[in-house]
Amino acid sequence: MKKMFGVIGDPIAHSMSPAMHNDLFQLHGIDASYLPFHVSNDDLESAVKGLKALGASGFNVTIPHKTEIIPYLDGIDPLAEAIGAVNTVKNEGGLFIGYNTDGPGFVKGLESHAADLLSRSALIIGAGGAARAIYFSMAKAGFKHIDICNRTPNKAEELVNACPYKVDSKVLDYDSAERNLGNYQLLVQTTSIGMHPDIDSVPLSTNNIAQHSFVSDIIYNPLQTKLLKEASVKGASTQNGIEMFVYQGALAFEKWTGIFPDTEKMKANVLRHLGGYTC
Ligand code: ATR
């Protein structure tokens, strides 16, 4: 019987996940369909029950349901529980189990660029939901030193205190992050600053950026944020948010099928899809 997968969110019309996963199912000869489902907050519980009643094999969860879905699941993986957000659900013998592939996807995307990144001293910019998934996953992956800078330092303090994995971290405000930027070989930008239509903004000045540093921005609209442009001019290697998006999808696909797909083909597919509306 054809297997059913999907993504629930609000809004959902622009999600690239259906195109990405349907392409993968076809490529691997798997008889399955992946559909976008527009689910409002009020309908979340009934939507999860409905997906279970219909025998969905798995689904992704996107904004605004990543945290709110947790009470409606039958189980949750420890990393997803620590992060407090689920983006991937797998039907395991009739039970819906929640996972987080966003953070691990980010780390895998980094590793695909350079194996030595793990030993670098890192600075995460931002302390929201995306930063939390990334910070915990980087700590779990073995990064030794990860500082966090945020407009509201308290929120960064909360992240540091809540992290269940051993890592050496301190919290900075933007001024001291700018002054000390040369201490970091890896910068991870997780805020919405620089995202379309705010394309002329940068979260901080790159004046003091270290030579040969690596800068990753999780934004993919535009493909090259002003921060990435400036860092690149100063000699840094850069990565945009396509990587995290593709790798979270690849890890979800692997959870569902046991197959880790070709991420280069996935990237090409996503870029083709994005061509329509990125600036
Ligand atoms: P997400 O789930 O995408 O991470 P979020 O949880 O709302 O979104 O977090 C947004 C992050 O971007 C936060 O770190 C936020 O800083 P604050 O914690 O101080 O609010 C940061 N952010 C968003 N807009 C910002 C701005 N204009 N200037 C500085 N930081 C900003």
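A polar contact, in the sense used on this tour, is a pair of N or O atoms within 3.5 Å, where within protein one atom must be able to donate a hydrogen and the other to accept it. The structure on display is a predicted model, and the stops below can be followed by typing the residue numbers into the selection box.

**Stop one: Thr 191**

Select Thr 191, which sits in the loop between β10 (186–189) and β11 (214–217). With a relative accessibility of 15%, Thr 191 counts as buried, the cut-off for that class being under 20%. Now show side chains and look for the polar contact between the side chain of Thr 191 and that of Gln 189, at 2.6 Å. A polar atom of the Thr 191 side chain also lies 3.0 Å from the backbone nitrogen of Ile 193. Once neighbours within four places in sequence are set aside, the residues in contact with Thr 191 are Ile 125, Gly 126, Tyr 174 and Ile 219, and these make a convenient next selection.

**Stop two: His 212 in the same loop**

Stay with the loop between β10 and β11, and select His 212, which is found there too. His 212 is not a glycine, yet its phi is positive, at about 60 degrees. Is His 212 buried or exposed? At 64% relative accessibility His 212 counts as exposed, whereas Thr 191 counts as buried.

**Stop three: two cis prolines**

Select Asn 221 and Pro 222, which are joined by a cis peptide bond with omega at about 10 degrees; Pro 222 belongs to the loop between β11 and α8 (226–233). Then move to Ile 63 and Pro 64, where the peptide bond from the one to the other is cis, with omega near 10 degrees. Pro 64 is placed in the loop between β3 and β4 (75–76).

**Stop four: helix α1**

Select residues 17–27, which form helix α1, and colour Ser 17, Pro 18, Met 20, His 21, Leu 24 and Phe 25, which are buried. Viewed down the axis of α1, these buried residues fall within an arc of 165 degrees, so they line one face of the helix. An α-helix has 3.6 residues a turn, so residues three or four places apart point the same way. To see what the buried residues of α1 pack against, add β1 (3–9), β2 (32–38), β3 (58–61), α9 (242–257) and α10 (263–274) to the view. Just after α1, Gly 29 is worth a click for its positive phi of about 60 degrees.

**Stop five: helix α2**

Helix α2 covers residues 44–53, and its buried residues are Leu 44, Ala 47, Val 48 and Leu 51. They span an arc of only 100 degrees around the axis, which puts them on the same side of α2. Turn the helix over to find Lys 49 and Ala 53 exposed on the other side. The covering of the buried residues of α2 includes β1, β2, β3 and β6 (95–99). For Lys 49 the relative accessibility is 56%, and Lys 49 therefore counts as exposed. A distance label drawn from the C-alpha of Lys 49 to the C-alpha of Ile 12 should read 19 Å, for a pair 37 residues apart in sequence. Just after α2, select Gly 55, which takes a positive phi of about 80 degrees.

**Stop six: α4 against α9**

Two packed helices are described by the angle between their axes and the distance between the axes. Select helix α4 (residues 102–111) together with α9: their axes come within 7 Å and cross at roughly 115 degrees, and the crossing is right-handed. On the α4 side the contact is made by Asp 102, Pro 104, Gly 105, Phe 106, Lys 108 and Gly 109, and on the α9 side by Glu 243, Met 244, Tyr 247, Gln 248 and Leu 251. Coloured by class, the residues in the contact of α4 with α9 come out as five nonpolar, three polar and three charged.

**Stop seven: α5 against α6**

The last selection is helix α5 (residues 129–141) with helix α6 (residues 153–162), whose axes come within 10 Å and cross at roughly 35 degrees, in a right-handed crossing. Here Ala 131, Arg 132, Tyr 135 and Phe 136 of α5 meet Leu 159, Val 160 and Ala 162 of α6. The residues of this contact of α5 with α6 divide into six nonpolar, no polar and one charged.

Key:
Residues are numbered from 1 along each chain as its sequence is written. This is a predicted model: local features need pLDDT of at least 70, side-chain atom pairs count only at pLDDT 80 or more; totals for chains, interfaces and linings use all residues. Side-chain values use heavy atoms; hydrogens and water are left out. Axes are lines fitted to C-alpha atoms, for helices over the stretch in contact, and angles run from 0 to 180 degrees between N-to-C directions. Helices (H or I, at least four residues) and strands (E, at least two) are DSSP runs, numbered from the N terminus. A crossing is left-handed if the near helix is turned anticlockwise from the far one by less than a right angle, and right-handed if clockwise. Contact means heavy atoms within 4.5 Å. Ala, Val, Leu, Ile, Met, Phe, Trp, Tyr, Cys and Pro count as nonpolar, Asp, Glu, Lys and Arg as charged, and the others, Gly among them, as polar. Buried means under 20% relative accessible area, exposed over 50%, partly exposed in between (1.4 Å probe, protein chains only). The arc is that of the directions from the helix axis to the C-beta atoms.
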